[in-house]
Amino acid sequence: MASLSTPPPTTTTITTVNEGSATSISAVHSDILQTHILTRLDGPTLASAACTCSQLNTLSSQEALWTKICNSMWPSTNTPRIRHVISTFPNGPHSFFSDSFPLLTNLDHTNNSPQSHHDRTSELISAVDVYYKGNLIFSKVIETETVTGWFKCSPFRFDLLDPKDVVPTPIKLQDDDDDTCRDLEEDLELSWILIDPIGRRAMNVSSQKPVSVQRHWLSGEVHVRFATILAGDHHRGSSSEFVQCGVVITCGASQGRVVLIKEMSLQVEDMDGIHLNGKESLVILQRAMEGKKGIKRREEEGRKRFQEFLERKKERKEMKLRIERRLDMLCVAFGVLGFATFWLFVLCR
Amino acid sequence: MKFCTVKQYFDDENNNNVTNGIATTVIPLPNKHLKIKANNKEMEQYEQELLRNVMPQELTKLILAANYLNFKEALDFFCRTVANAIQNKSVDYVRKFFGLESDFEPGEEEKLCKEFAWSFEGVDED
């Protein structure tokens, strides 16, 4: 057991593990470890440190560390309501970070318990943060109830801004429109965390970086889309086998040649482009919250999955066209046959 | 006063905490700090140069020395370096770096790995 014989003032030292002649980190005070080293680590690295040995596990489980990481990564979580909800989570901010940091990977349909089991929450809290070049430019929290008939039957849509609101940003408009779009695609980031306060789970439905940036041909507004693909209905071949949970930011231009955010909304659409209603969306979202999470590098994976979703959409559309064409041919053939039979009948009389 | 502990160190003959090698690394730091205080970039370069020759395991000794000598800036610097060194590295690398051994129960470690499976993906190569 290593111990210091002289100042600085000591608190508890943790047991040394002897590794030949090298001094193990255990000889360092837990105070120093905590205040100087662990506070400097980001989430994934702190999680790795927690898995090394039981002493570091105890030190790394301190709520203050994880709260600091959550607040610095997602400033919108630093509000009284969300702080309170996070404190009710099974492992506090630690499990909140585990829920919200990774990209969702729930693309398997095995977790299909009866629907009524999955829509038991009465509200969803959305914590949204928008960043440009690594700096926070906008942050907002909204709470949406999910029990009324209005929510369940109408198309699922969370709007962050009121219709007349606009949010100015520090993003400068480039002379060339394509350059502005490229700028937004590379440097704009968004995090949209959905929190279920009753089920005490959370998930991040954004792909962090945009999966597509398109300029509307008529209005000239730029639509920046962040999307995650989730498993929907378990019926193979159905239009909601996979659904796209997408956040669209609509950007316009101000007089001072600066980008303005006019609209920010979250919607869920299936492979036929139809927006699901509140009840169906809630079931899918809750199932995803309870499913497993994975993938740290969300940006590339997010874009890849979105492209695969678009491929599936296209294949589905082509398949539908083929079926329709076959049906048409069948109808034409049937018509011609009927016509020929009629005339044969008439002539043979 | 930065050097009251240093005086004590020199007076204290039987000192287990700070070997000579470590002392020669840590003690010149304040002078250098004063000389190039205004220029952060130069200080950074000096610090990088210093650390290029230091083994990761030596960093622990440096931290202990800086802590014993009550030298805040050096402690800060060494801890910062340790944090950067283990950023985005695998659990085994962090264990090796800190000279630790896993003392979890068999089921416990598996449970942790399962819970944090996402944090083990995409780590840098050791």
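Reader: In this predicted model, does Phe89(A) count as buried or exposed, and at what relative accessibility?

Author: The model is a predicted one, and the label rests on a cut-off, because buried means under 20% relative accessible area. Phe89(A) falls under that cut-off and therefore counts as buried, its relative accessibility being 3%.

Reader: Which kind of aromatic pair do Phe89(A) and Phe96(A) form?

Author: A pair of aromatic rings is described by the distance of the centres and the angle of the planes. For Phe89(A) and Phe96(A) the centres are 5.6 Å apart and the planes stand at 75°. Planes over 60 degrees apart count as edge-to-face, so the pair of Phe89(A) and Phe96(A) is edge-to-face.

Reader: What kind of pair do Phe156(A) and Phe158(A) make, and what is the angle between their planes?

Author: Both residues are buried, with Phe156(A) at 1% relative accessibility and Phe158(A) at a relative accessible area of 2%. Their rings lie 4.7 Å apart, centre to centre, and form a pair that is tilted, with an angle between the planes of 35°.

Reader: Which residues of chain A are linked by ring pairs into a cluster, and how many aromatic pairs does the structure hold over all chains?

Author: Phe96(A), which is buried with a relative accessible area of 0%, belongs to a cluster that ring pairs hold together, and its other members are Trp66(A), Trp74(A), Phe89(A), Phe97(A) and Phe101(A). Counted over all chains, the aromatic pairs in the structure number 9.

Reader: Where in chain A is Cys53(A), and which residues of chain B is Cys53(A) in contact with?

Author: Cys53(A) is placed in the loop between helix H2 (43-50) and helix H3 (54-60) of chain A, and Cys53(A) is buried, with a relative accessible area of 0%. Its C-alpha atom is separated by 23 Å from that of Asp99(A), which is 46 residues away along the chain. Once neighbours within four places in sequence are left aside, the residues in contact with Cys53(A) are Leu100(B), Glu101(B), Asp103(B) and Phe104(B).

Reader: How many helices and strands does chain B have, and what percentage of its residues count as buried?

Author: Chain B has 8 helices and 0 strands, and its elements run α-α-α-α-α-α-α-α from the N terminus on. About 7,600 Å² of chain B is exposed, and carbon and sulfur atoms supply 48% of that area. Among the contacts in chain B with a separation of 6 or more, residues 24 or more positions apart account for 56%. Of its 126 residues, the percentage that count as buried is 41%.

Reader: Which ring in chain B does Lys89(B) lie over, and at what distance from the ring centre?

Author: A charge sits over a ring only if, among other conditions, NZ of Lys or CZ of Arg is within 6 Å of the ring centre. Lys89(B) lies over the face of Tyr93(B), and its distance from the ring centre is 5.3 Å.

Reader: How many bridges join S2 to S3 in chain A, and which residue in the turn has a positive phi?

Author: Strand S2 (residues 123-132) and strand S3 (residues 135-145) of chain A run antiparallel and are joined by 10 bridges. One of the partnerships is between Val128(A) and Lys140(A), the latter in S3(A). The two strands form a hairpin with 2 residues between them, and the turn residue with a positive phi, about 55°, is Lys133(A).

Reader: Which backbone nitrogen does the side chain of Ser207(A) reach?

Author: Ser207(A) is in the loop between strand S7 (201-204) and strand S8 (212-215) of chain A, and Ser207(A) counts as buried at 0% relative accessibility. At 3.2 Å, its side chain reaches the backbone nitrogen of Ala227(A).

Notes. Residues numbered from 1 in each chain as written. Chains lettered and ligands numbered in written order. Predicted model: local features only at pLDDT ≥ 70, side-chain atom pairs only at ≥ 80, totals over all residues. Heavy atoms only, no water. Helix = DSSP H or I, 4+ residues; strand = E, 2+ residues; numbered from the N terminus. Buried < 20%, exposed > 50% of the residue type's maximum accessible area, 1.4 Å probe, protein only. Contact = heavy atoms within 4.5 Å. Areas by Shrake-Rupley, 256 points an atom, 1.4 Å probe, with all protein chains shown as cover. Phe/Tyr/Trp six-rings, centres within 6.5 Å; stacked < 30°, edge-to-face > 60°. Lys NZ or Arg CZ within 6 Å of the ring centre and 35° of its normal. Pairing = 2+ DSSP bridges. Polar contact = N/O pair within 3.5 Å; in protein donor to acceptor, adjacent residues only side chain to side chain.
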